[in-house]
Amino acid sequence: MTRPIRWQKSSFSGGGDGDSCVELAAANGEPLLRESDDPDRILPVTRHGLAALLHHLRANRP
């Protein structure tokens with residue numbers, strides 16, 4: 001039996017249940033990303049790729 005994917009919204013999404021959120025999950029130990037306004041489009045990423053993305057976003061905060 002397959003376990004359902006549990007998505008977590010970004011803390012930068014402003015909270016609530018809006019449709020403009022980036023969500024993160026893991027399946028089989030690998031990270032997944034999606035936008036809440038297009039939940040069927042899931043982007044599998046590597047751990048290294050996700051770490052590089054987060055590093056870039058943190059370094060370029062306004």
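Leu54 is found in helix α1, where helices (H or I, at least four residues) and strands (E, at least two) are DSSP runs numbered from the N terminus. The model is predicted: local features need pLDDT of at least 70 and side-chain atom pairs count only at pLDDT 80 or more, while totals for chains, interfaces and linings use all residues. Residues are numbered from 1 along each chain as its sequence is written, and side-chain values use heavy atoms, with hydrogens and water left out.

**Stop 1: the helix**

Select Leu54 by itself. Leu54 is partly exposed, with a relative accessible area of 35%; buried means under 20% relative accessible area, exposed over 50%, and partly exposed in between (1.4 Å probe, protein chains only). Add Leu53 and Leu57 to the selection: together with Leu54 they make up a nonpolar surface patch of about 240 Å² accessible area. Such patches are made of residues with over 30% relative accessible area and no salt bridge, with like charges joined within 9 Å and nonpolar side chains (Val, Leu, Ile, Met, Phe, Trp, Tyr) within 5 Å. Areas come from the Shrake-Rupley method with a 1.4 Å probe, and for residues only the protein chains shown count as cover.

Extend the selection to residues 47-59, which are helix α1; the helix lies across β2 and β3 and runs at about 50 degrees to β3. Contact here means heavy atoms within 4.5 Å. The axes are lines fitted to C-alpha atoms, for helices over the stretch in contact, and angles run from 0 to 180 degrees between N-to-C directions.

**Stop 2: the whole chain**

Colour the chain by secondary structure. One helix and four strands appear, in the sequence pattern β-β-β-β-α. Of the 62 residues, 18% count as buried. The accessible surface of the chain is about 5400 Å², and 53% of it belongs to carbon and sulfur atoms.

**Stop 3: the sheet**

Show the four strands alone. They form an open sheet in the order β1-β2-β3-β4, with antiparallel pairing. At the edges are β1 (8-9) and β4 (42-44), each of which pairs on one side only. Two strands are taken to pair if DSSP finds at least two bridges between them.

Begin with β1 and β2, which run antiparallel and are joined by two bridges. Here Lys9 stands opposite Glu23 in β2.

Next, select residues 22-27 and 30-35, which are β2 and β3: six bridges pair them in the antiparallel sense. The two strands form a hairpin with two residues between them, and Asn28 in the turn has a positive phi of about 55 degrees.

Then move to β3 and β4, an antiparallel pair with three bridges. The hairpin between β3 and β4 passes through six residues. Within this pair, Leu33 stands opposite Leu43 in β4.

**Stop 4: the charged pairs**

How many salt bridges does the count come to? There are two salt bridges, each defined as a side-chain nitrogen of Lys or Arg within 4 Å of a carboxyl oxygen of Asp or Glu. Side chains of opposite charge can pair when their charged atoms come close.

Select Glu23 and Arg34. Glu23 stands opposite Arg34 in β3, and Arg34 forms a salt bridge with Glu23, their closest N and O atoms being 2.4 Å apart. This pair links distant parts of the chain, with Arg34 in strand β3 and Glu23 in strand β2, eleven residues apart. Are these residues buried or exposed? Arg34 counts as buried at 18% relative accessibility, and Glu23 counts as buried at 7%.

Finally, select Asp38 and Arg41, whose side chains meet in a salt bridge (3.5 Å, N to O). Asp38 counts as partly exposed at 32% relative accessibility, whereas Arg41 counts as exposed at 63%.
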